[in-house]
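Here is a short set of exercises to work through with the model open beside you. Try each task before reading its solution.

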Amino acid sequence: MASTTVLEKGSSFMDPLKGVLLTYFMPESCYDEFFLNFNFLDVPCLKIVLSKGLGIGIILGSVLVKLPQILKLMGARSAEGLSFNSVLLELLAITGTMAYSIANNFPFSAWGEALFLMLQTVAIGFLIQHYGQKTLQGLLFLVLYFGLLAAILSPVTPMSVVTTMQASNMPAIIIGRLIQAATNFRNGHTGQLSAISVFLLFAGSLARIFTSIQETGDSLMALTYVISSSCNGIIALQVLYYWNCSAEQKKKKE
């Protein structure tokens with residue numbers, strides 16, 4: 001009889017989903033706090049759940065975040081307005097974050113979008129070369145990048161190198177975004193830059209400031225996302241400013 005009472009006290013209506021909740025959203029202490037003690041206002045647990053939820057949302061969104069940009073390039077069969085150098089610097093920053101997170105055993109929810117952003121950014125880099133009549137250089141770019149990535153992620157690469165890469169993210173992000181911003185300003189329009197991708201990247205980097213502090217406690221990661229948000233914000237403002245401008249309209253004015 002006593003054992004039955006204990007079982008009833010230790011059970012919850014959420015038990016069928018307990019495995020999923022503990023794996024992706026919260027530790028067992030927070031599960032007990034929410035669904036056994038019914039204390040849904042526990043601030044530390046709310047922060048954990050919010051951070052985990054945002055992290056998973058960012059990762060799911062990152063699977064498609066640059067797809068509008070890729071489709072826009074393929075539809076126009078042009079990469080006008082996009083800077084390959086900016087893409088390279090963005091790729092350096094993404095790769096640094098991914099390698100640093102893996103080396104430090106951070107949870108996947110804290111950095112997983114970097115994997116999908118990397119794949120999509122590589123595709124954009126290739127398309128810029130391809131539509132610039134430099135397909136061979138684009139293929140060489142793919143081979144060199146994935147070769148370097150394999151070397152960076154291997155145990156042979158010292159932790160100091162990975163940390164230096166992460167630290168170099170900030171100047172890489174700033175310079176890369178400034179190159180794109182200067183290209184937009186010089187052209188007087190944003191060309192084939194996708195507004196959807198730009199706004200999604202801006203929102204994702206803002207949310208990552210909170211999740212990186214909450215899940216990793218790493219100030220270098222958090223500062224990287226602060227810089228990234230600021231730079232993405234500049235591009236987002238340019239998209240709004242040049243909303244009704246295009247290359248064709250500029251040529252007509254001239």
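A residue is called buried when its relative accessible area is under 20%, exposed when it is over 50%, and partly exposed in between. The model is predicted, and by this cut-off buried residues make up 43% of the 254 residues in its chain.

**Exercise 1. The overall fold**

Task: Describe the secondary structure of the chain and the box that its C-alpha atoms fill.

Solution. Start with the elements: the chain has 13 helices and zero strands. Read from the N terminus, the order is therefore α-α-α-α-α-α-α-α-α-α-α-α-α, given that helices and strands are numbered from that end. Then take the principal axes, along which the C-alpha atoms fill a box of roughly 85 × 45 × 30 Å.

**Exercise 2. Salt bridges**

Task: Find how many salt bridges the structure holds, and work out where the partners of Glu 28, Glu 90 and Glu 113 lie.

Solution. A general point helps to begin with: side chains of opposite charge can pair when their charged atoms come close. The structure holds four salt bridges.

- Step 1. Glu 28 pairs with Lys 18, with 3.2 Å between the closest N and O atoms. This pair links helix H3 (residues 28-35), which holds Glu 28, to helix H2 (residues 18-24), which holds Lys 18, ten residues apart. Glu 28 is partly exposed because its relative accessibility is 42%, and Lys 18 is partly exposed at 23%.
- Step 2. Glu 90 and Lys 66 meet at 2.6 Å, N to O. Glu 90 sits in helix H6, while Lys 66 sits in the loop between helix H4 (43-62) and H5, 24 residues apart. Both residues, Glu 90 and Lys 66, are buried.
- Step 3. Glu 113 bridges to Arg 208, the closest N and O atoms being 2.7 Å apart. Glu 113 belongs to helix H7 (residues 113-131) and Arg 208 to helix H11, so this pair ties together parts 95 residues apart in sequence. Glu 113 is buried at 5% relative accessible area, and Arg 208 is buried at 1%.
- Step 4. Look for a network: salt bridges link Lys 66, Glu 90 and Arg 177.

**Exercise 3. The cavity**

Task: Which residues are the closest to the centre of the largest cavity?

Solution. The search of the whole structure finds one cavity of 30 Å³ or more. The largest cavity has a volume of about 210 Å³. Of its 15 lining residues, Lys 66, Gln 69, Glu 90, Arg 177 and Leu 193 are the closest to the centre. Two or more lining residues come from each of helix H6 (84-103), helix H10 (169-187), helix H11 (195-215) and helix H12 (219-241). Now recall the network from the previous exercise: Lys 66, Glu 90 and Arg 177 are its members.

**Exercise 4. Aromatic rings**

Task: Count the aromatic pairs and classify the pair formed by Tyr 100 and Phe 106.

Solution. The count comes to ten aromatic pairs. For Tyr 100 and Phe 106, the ring centres are 6.0 Å apart and the planes stand at 70 degrees, so the pair is edge-to-face. Tyr 100 is buried at 7% relative accessible area, and Phe 106 is buried at 14%. Ring pairs also link Tyr 31, Phe 34, Phe 35, Phe 38 and Phe 40 into a cluster.

**Exercise 5. A surface patch**

Task: Is Leu 71 buried or exposed?

Solution. Leu 71 is found in helix H5 (residues 67-76). Its relative accessibility is 52%, so Leu 71 counts as exposed. Together with Val 63, Leu 64 and Leu 67, Leu 71 forms a nonpolar surface patch of about 340 Å² accessible area.

Conventions
Residues numbered from 1 in each chain as written. Predicted model: local features only at pLDDT ≥ 70, side-chain atom pairs only at ≥ 80, totals over all residues. Heavy atoms only, no water. Patch = residues over 30% accessible without salt bridge, like charges linked within 9 Å, V, L, I, M, F, W, Y side chains within 5 Å. Areas by Shrake-Rupley, 256 points an atom, 1.4 Å probe, with all protein chains shown as cover. Salt bridge = Lys/Arg side-chain N within 4 Å of Asp/Glu carboxyl O. Helix = DSSP H or I, 4+ residues; strand = E, 2+ residues; numbered from the N terminus. Buried < 20%, exposed > 50% of the residue type's maximum accessible area, 1.4 Å probe, protein only. Phe/Tyr/Trp six-rings, centres within 6.5 Å; stacked < 30°, edge-to-face > 60°. 1 Å grid on protein atoms, 1.4 Å probe; cavity = no way out; pocket = protein on both sides within 12 Å on 5 of 7 lines; lining within 4 Å. Points joined across faces, edges and corners; volume = space filled by probe spheres on them.
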